[in-house]
Amino acid sequence: KLKQINSGGNYYSSLYYDNRTHQMIAGGINEFVEFDPESILAEDQQNNLYITSLWVNDMLVQDNSSRNFPIKLGTSIRFSTSIELPYNFNNLSFTFSELAYNQQQNVQYANKLNGLDADWHFSSRGNNRLTYNNLPPGDYTMMISRIGSDGNPMPNELTLSIKIKHPWYSTRLAKGVYLALFILLIIAFVNYYIVLNRLRFE
């Protein structure tokens, strides 16, 4: 089965295999490229992806974060599956890697933030950094995957759950207090007019 090959934004659909050199020749529009077919197979073999660093509000988050920094992972970000952040610490930047440094410059990745993005975003080749600015309070799932030879994200993507807490004044408890105060205000307003009307008739 032949697949359309995506190579740096160029597409090739005509293929020829040379038995003597064991090389594949792919033809496109006014050009062709010769390559080892093993390189295509290697491109579809994704190693485990790891988050290698996390920056929050332009500050590097480490295992031994200071007391003044309200984010403590408890473990390396490489092995974390979820993070929870205050509402005012919502500018995030991640670096990630397959830890196969000989391939990093040729690999392309896609990312998607469930809860915010509707589609995958494709990064440029060799780019292994993601940035999200001013994330609203809510629950998100960040997904990162290598792009396969067919131009689509590969399965078994890296996932990280992200929770941005609501500020205290917009939590459910605060909204309940607002509702209770509003009801008390209405009751007081109604009682005021009842008493006022009684005084008029006396």
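Visitor: Which residue of β13 stands opposite leucine 113?

Guide: First, this is a predicted model: local features need pLDDT of at least 70, side-chain atom pairs count only at pLDDT 80 or more, and totals for chains, interfaces and linings use all residues. Residues are numbered from 1 along each chain as its sequence is written, and side-chain values use heavy atoms, with hydrogens and water left out. Six bridges join β10 to β13, and the two run antiparallel; strands here are DSSP runs of E, at least two residues, numbered from the N terminus. Across from leucine 113 you'll find methionine 142.

Visitor: OK, so which strands sit at the edges of that sheet?

Guide: It's an open sheet of five strands with mixed pairing, in the order β8-β14-β13-β10-β11. Two strands pair if DSSP finds at least two bridges between them. The edge strands pair on one side only, and they are β8 and β11 (121-122).

Visitor: How do β8 and β14 run, parallel or antiparallel?

Guide: Look at leucine 85, which stands opposite isoleucine 164 in β14. Four bridges join β8 to β14, and the two strands run parallel.

Visitor: What does β10 face in β11, say at asparagine 111?

Guide: Two bridges join β10 to β11, which run antiparallel. Their hairpin has six residues between the strands, and glycine 115 takes a positive phi near 105 degrees there. Opposite asparagine 111 stands histidine 121.

Visitor: Which strand gives the largest share of the largest nonpolar core?

Guide: A nonpolar core is a set of buried Ala, Val, Leu, Ile, Met, Phe, Trp, Tyr and Cys residues joined through side-chain atoms within 4.5 Å, where buried means under 20% relative accessible area with a 1.4 Å probe, protein chains only. The largest one has 25 residues, and Ile83, Phe94, Met142, Ile144 and Ile162 have the most contacts inside it. Several strands supply at least two residues each, including β6 (50-56) and β9 (92-97). The largest share, four residues, comes from β14.

Visitor: Which residue of β13 beyond Gly138, Asp139 and Tyr140 does isoleucine 162 touch?

Guide: Contact means heavy atoms within 4.5 Å. Not counting residues up to four places away in sequence, isoleucine 162 touches Ile83, Leu92, Phe94, Leu113, Gly138, Asp139, Tyr140 and Met142. So with strand β13 spanning 138-146, the remaining name is Met142.

Visitor: What distance separates the side chains of threonine 95 and serine 53 in their polar contact?

Guide: Threonine 95 lies in strand β9 and is buried, with a relative accessible area of 13%. A polar contact is a pair of N or O atoms within 3.5 Å; within protein, one must be able to donate a hydrogen and the other to accept it, and residues adjacent in sequence count only if both atoms are side-chain atoms. The side chain of threonine 95 makes one with that of threonine 52 at 2.7 Å. With the side chain of serine 53, the value is 2.4 Å.

Terms used:
Buried < 20%, exposed > 50% of the residue type's maximum accessible area, 1.4 Å probe, protein only.
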